[in-house]
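Colleague: I am new to this structure and would like to learn how to read its features one at a time. Could you take me through some of them, giving the general idea first where there is one?

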Amino acid sequence: EFFCPQMSKEPMVYPLISDDIPSQLGPLQTSKRGQRFATINVNGASPALFQLTPFDQPLTAPFGASVYQAKGGETRLNCDLHIDNPALVTIFRNLDRKFEELLGKQKSTYHPMLHDDGDYGMRLRVKVSTEGTGACKFWSPDKTLIGNAYQAKTKGAALVPVISFTKAWFMKTAGGASHGVTAELRHAILT
């Protein structure tokens, strides 16, 4: 159970991630920067939140929440989560297959959520917002709000992540075109 003192005195319980998430795509849209995307709805709601691990099985964030070549003050960061639990790896591989089928045949390559890195093993990259309604909140084990990704020490941290699948994206680059799904970190309990 996860407790959010700002919202209620009652514990908040998020379902553990599984590979049978009933997902639907919203209409195709174009962002201000020209990127095509579609929202992901789960049971008709967006965003739906899922806890990745039980509290006694945290994941590690070897690099913390950051961006490559940071200029300072970025509001969207990346955070790689090391996944060494074979069951969780299977869940994300199945979700990748499901999302790829949901997106249908494209003139681009599907970009999986999981990446295998020889040095760090399997990693899941999540987006971390520092501002706005989707800003990620970091919590201490005693359920005290630490703050956002700039206020919490995330590099090398062990954490229990709560994520949401927010959108499917379609991108053209100089090297070709790709599409995939964005997973956003919404809550993290630093253990």
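Modeller: Let us begin with a polar contact, bearing in mind that this is a predicted model. The side chain of His187 makes such a contact with the side chain of Tyr14, at 3.3 Å, and His187 itself is found in strand β15, which covers residues 176–190.

Colleague: Is His187 buried or exposed?

Modeller: His187 has a relative accessible area of 8%, and because buried means under 20%, His187 counts as buried.

Colleague: Which other residues of that strand should I look at, and how do I read their surroundings?

Modeller: Take His179, which also has its place in strand β15 and which counts as buried at 2% relative accessibility. Leaving aside the neighbours within four places in sequence, His179 is in contact with Leu103, Gln106, Ser108, Thr109, Tyr110, His111, Trp169 and Phe170.

Colleague: How far apart are His179 and Thr109, in sequence and in space?

Modeller: They are 70 residues apart in sequence, and from C-alpha to C-alpha they are 6.1 Å apart in space. Ala183, found in strand β15 as well, can be read in a similar way: its C-alpha atom is separated by 5.1 Å from that of Val126, with the two positions 57 residues apart along the chain. Not counting residues up to four places away in sequence, Ala183 touches Arg125, Val126, Lys127, Ile163, Ser164 and Phe165, and at 3% relative accessibility it counts as buried.

Colleague: How should I read a nonpolar core?

Modeller: In soluble globular proteins, nonpolar side chains tend to be buried together. Here the largest nonpolar core has 43 residues, and those with the most contacts inside it are Phe92, Val128 and Phe165. At least two residues of this core are supplied by each of β4, β6 (59–61), β8, α1 (86–103), β11, β14 and β15, and the largest share, 7 residues, comes from α1.

Colleague: What does Phe92 touch, if I do not count residues up to four places away in sequence?

Modeller: Phe92 touches Leu52, Ile83, Met113, Leu114, Leu124, Ile163 and Phe165. You can set beside this the case of Phe50, whose place is in strand β5, residues 50–51, and which counts as buried at 8% relative accessibility. With its neighbours within four places in sequence left aside, Phe50 is in contact with Pro15, Ile17, Ile21, Val42, Pro161, Val162, Ile163 and Phe165.

Colleague: How far apart in space are Phe50 and Met171?

Modeller: Their C-alpha atoms are 26 Å apart, while in sequence the two residues are 121 residues apart.

Colleague: Now I would like to understand the pockets, so what is the general idea there?

Modeller: Rolling a probe the size of a water molecule over the atoms shows where empty space is left. In this structure the largest pocket holds about 970 Å³ of space, and of the 27 residues that line it, the closest to its centre are Gln35, Arg76, Lys127, Lys167 and Thr182. The elements that give two or more residues to this lining are β4 (36–42), β8 (76–82), β11 (121–129), β14 (157–173) and β15.

Colleague: Which element gives the most to that lining, and how do its residues divide by type?

Modeller: Strand β15 gives the most, with 5 residues, and the lining of the largest pocket divides into 10 nonpolar, 10 polar and 7 charged residues.

Colleague: What lines the second largest pocket?

Modeller: Its lining is made up of Gly34, Gln35, Arg36, Gln106, Lys107, Ser108, Phe170, Met171, Lys172, Ala177 and Ser178, and about 200 Å³ of space lies in this pocket. Both β14 and β15 supply at least two residues of the lining, with the largest share, 3 residues, coming from β14. By type, the lining of the second largest pocket divides into 3 nonpolar, 5 polar and 3 charged residues.

Colleague: One last feature, the backbone angles: what is the phi of Lys143?

Modeller: Lys143 has a positive phi of about 70 degrees, although it is not a glycine. Lys143 lies in the loop between β12 (137–139) and β13 (145–147), and with a relative accessible area of 40% it is partly exposed.

Definitions and conventions. Residues numbered from 1 in each chain as written. Predicted model: local features only at pLDDT ≥ 70, side-chain atom pairs only at ≥ 80, totals over all residues. Heavy atoms only, no water. Helix = DSSP H or I, 4+ residues; strand = E, 2+ residues; numbered from the N terminus. Buried < 20%, exposed > 50% of the residue type's maximum accessible area, 1.4 Å probe, protein only. Polar contact = N/O pair within 3.5 Å; in protein donor to acceptor, adjacent residues only side chain to side chain. 1 Å grid on protein atoms, 1.4 Å probe; cavity = no way out; pocket = protein on both sides within 12 Å on 5 of 7 lines; lining within 4 Å. Points joined across faces, edges and corners; volume = space filled by probe spheres on them. Nonpolar A, V, L, I, M, F, W, Y, C, P; charged D, E, K, R; others polar. Core = buried A, V, L, I, M, F, W, Y, C linked by side-chain atoms within 4.5 Å. Contact = heavy atoms within 4.5 Å.
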